[in-house]
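Please look over the structure shown here and read the report below alongside it.

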Amino acid sequence: MSQVSVVKCNKYDKIMLKSSITKALDMIGGISSFMNKGNNVLLKVNLLSPKPPEAAVTTHPKFVEAVVELFKEAGAAKVMVGDSSGGAIAGKAVTAKAFKVSGIQDAAERAGAEVVNFDKTGVVGIKVTNDEIIYLAKPVVEADVVVSLPKLKTHSATLFTGAVKNMFGCIPGLKKAEYHRKYPNPNKFAHILTQIYSISRVQLSIMDGITAMEGNGPGSGPPKDLGLILASADGVALDSVASKIIGYDPIKIPYLTECDRRGLGVAQLDKIQIKGWALETVKARDFRLPSNAFLTRVPDFIGTGLLNILKAVPAANPEKCNGCQVCVENCPPQVIKMKGKIPDINYDECIECLCCHELCPQNAMELKFRNPFIRIIAGLLSGAGGTIRH
Ligand code: SF4
Ligand code: SF4
């Protein structure tokens, strides 16, 4: 049976963090059960985009610093902190900038870790099927121990992002956009997320759920204090527990179900042993899920055609948009064109990846229901005007 530990911690204070993370790890066997002295350890953080820690887009730098110190103290020879951010500006990946702006570079170096920018480390090709090779950043393949350090966030396209989705960043640079093109829409994208997770060798996941992100995450939702740290050797079980805490039924999240079906972890809550705080005692109140999360509550007899009409779609808010064209540049099938100073989307060709929404630096690419009637239906199904509240 998979085990997930749930520990309370309400501040990014290093002493408190180290003690809470140690407590979470002790409940699942202790840090030494995940590493040997002299190992090289890779911490895969969430470094989606260049946003400061208070935006809750990236794993908090103090959280990263605490984990680095714990692995060093446990005898790791080398601790690396790595990721590749999403998107590009003027053809250049933004990972180096994101390491600085997020505070993770300073924090990791202060604790004695090496910062590894996956866009520059080279890749190793791993054959996953007869006709598919996935190219992972070299450190992910070469480290003795790989640890996922996700931020607990909603995700407008995949509904939730945690330990499993975090490993998508092991694909360096602009190659990520190719996967969005090749696996359009969240159900197909679940397949590639599952494939990447299956080869990314994650032995341990420790989630920063102290300040989470609610609403239309993962790049522009509002921060929400949850005060939780979760840890598990099973990233699928960890995500299932975390997603339940914020109000989802985990088996409605396509990539968690796919991981469970393939035996990569457990998504069924009755097969997960929760250690520490019981689920009922930590369930979040008034946690807003993304606009399209209400679709998980639509009965199965409703056809996919109707579901597609019900969906909220990205649209630029002219009052926030500054015309920077980051969305145009990062749209995988290139279906966004500028109309004057405002981006205009060809919805017939849109693959619903929501990269435009995720990467807009101004949070101007918002999710809108196509007309007020649909908004009312979404509100009725969700109980809250299209953005579900619990
Ligand atoms: S929607 Fe965002 S990314 Fe696109 S042009 Fe406007 S500000 Fe830039
Ligand atoms: S318009 Fe946005 S959601 Fe549609 S394909 Fe382009 S980036 Fe993806």
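## The second largest pocket

What volume does the second largest pocket have? In this predicted model, the second largest pocket has a volume of about 450 Å³. Its lining is made up of 33 residues, and those that lie nearest the centre of the pocket are Gly-86, Gly-87, Phe-168, Lys-176 and Glu-358. Four elements each give two or more residues to this lining, namely strand E10 (151–155), helix H6 (175–182), helix H12 (326–330) and helix H13 (355–359). Of the elements, H6 gives the most to the lining, with 4 residues.

When the lining residues of the second largest pocket are divided by character, 11 are nonpolar, 14 are polar and 8 are charged. Where does the second largest pocket lie with respect to domain 1 and domain 2? Because residues from both domain 1 (2–282) and domain 2 (291–382) belong to its lining, the pocket lies between the two domains.

## Two helix pairs

Two packed helices are described by the angle between their axes and by the distance between those axes. For helix H1 (residues 14–26) and helix H2 (residues 61–73), the axes come within 9 Å and cross at roughly 60 degrees. An angle under 65 degrees that is not under 35 counts as oblique, and H1 and H2 are therefore oblique to each other. The crossing in which H1 passes H2 is right-handed.

A second pair is formed by helix H7 (residues 185–199) and helix H9 (residues 254–261), whose axes come within 8 Å and cross at roughly 50 degrees. That angle makes H7 oblique to H9, and the crossing of H7 and H9 is right-handed.

## Backbone details in two loops

Most peptide bonds are trans, and most residues other than glycine have a negative phi. Against this background, two places in the backbone deserve a careful look.

Which kind of peptide bond joins Gly-217 and Pro-218, cis or trans? The bond between Gly-217 and Pro-218 is a cis peptide bond, with an omega of about 15 degrees. Pro-218 is found in the loop that runs between strand E12 (202–213) and strand E13 (223–232).

The other place is Gln-325, a residue other than glycine, whose phi has a positive value near 70 degrees. Gln-325 is located in the loop between strand E15 (313–316) and H12, and H12 is also one of the elements that give two or more residues to the lining of the second largest pocket.

Conventions. Residues numbered from 1 in each chain as written. Chains lettered and ligands numbered in written order. Predicted model: local features only at pLDDT ≥ 70, side-chain atom pairs only at ≥ 80, totals over all residues. Heavy atoms only, no water. 1 Å grid on protein atoms, 1.4 Å probe; cavity = no way out; pocket = protein on both sides within 12 Å on 5 of 7 lines; lining within 4 Å. Points joined across faces, edges and corners; volume = space filled by probe spheres on them. Nonpolar A, V, L, I, M, F, W, Y, C, P; charged D, E, K, R; others polar. Domains from an automatic or database assignment. Axes fitted to C-alpha atoms, helices over the stretch in contact; angles between N-to-C directions. Parallel < 35°, antiparallel > 145°, perpendicular 65-115°, else oblique. Left-handed = near helix turned anticlockwise from the far one by under 90°.
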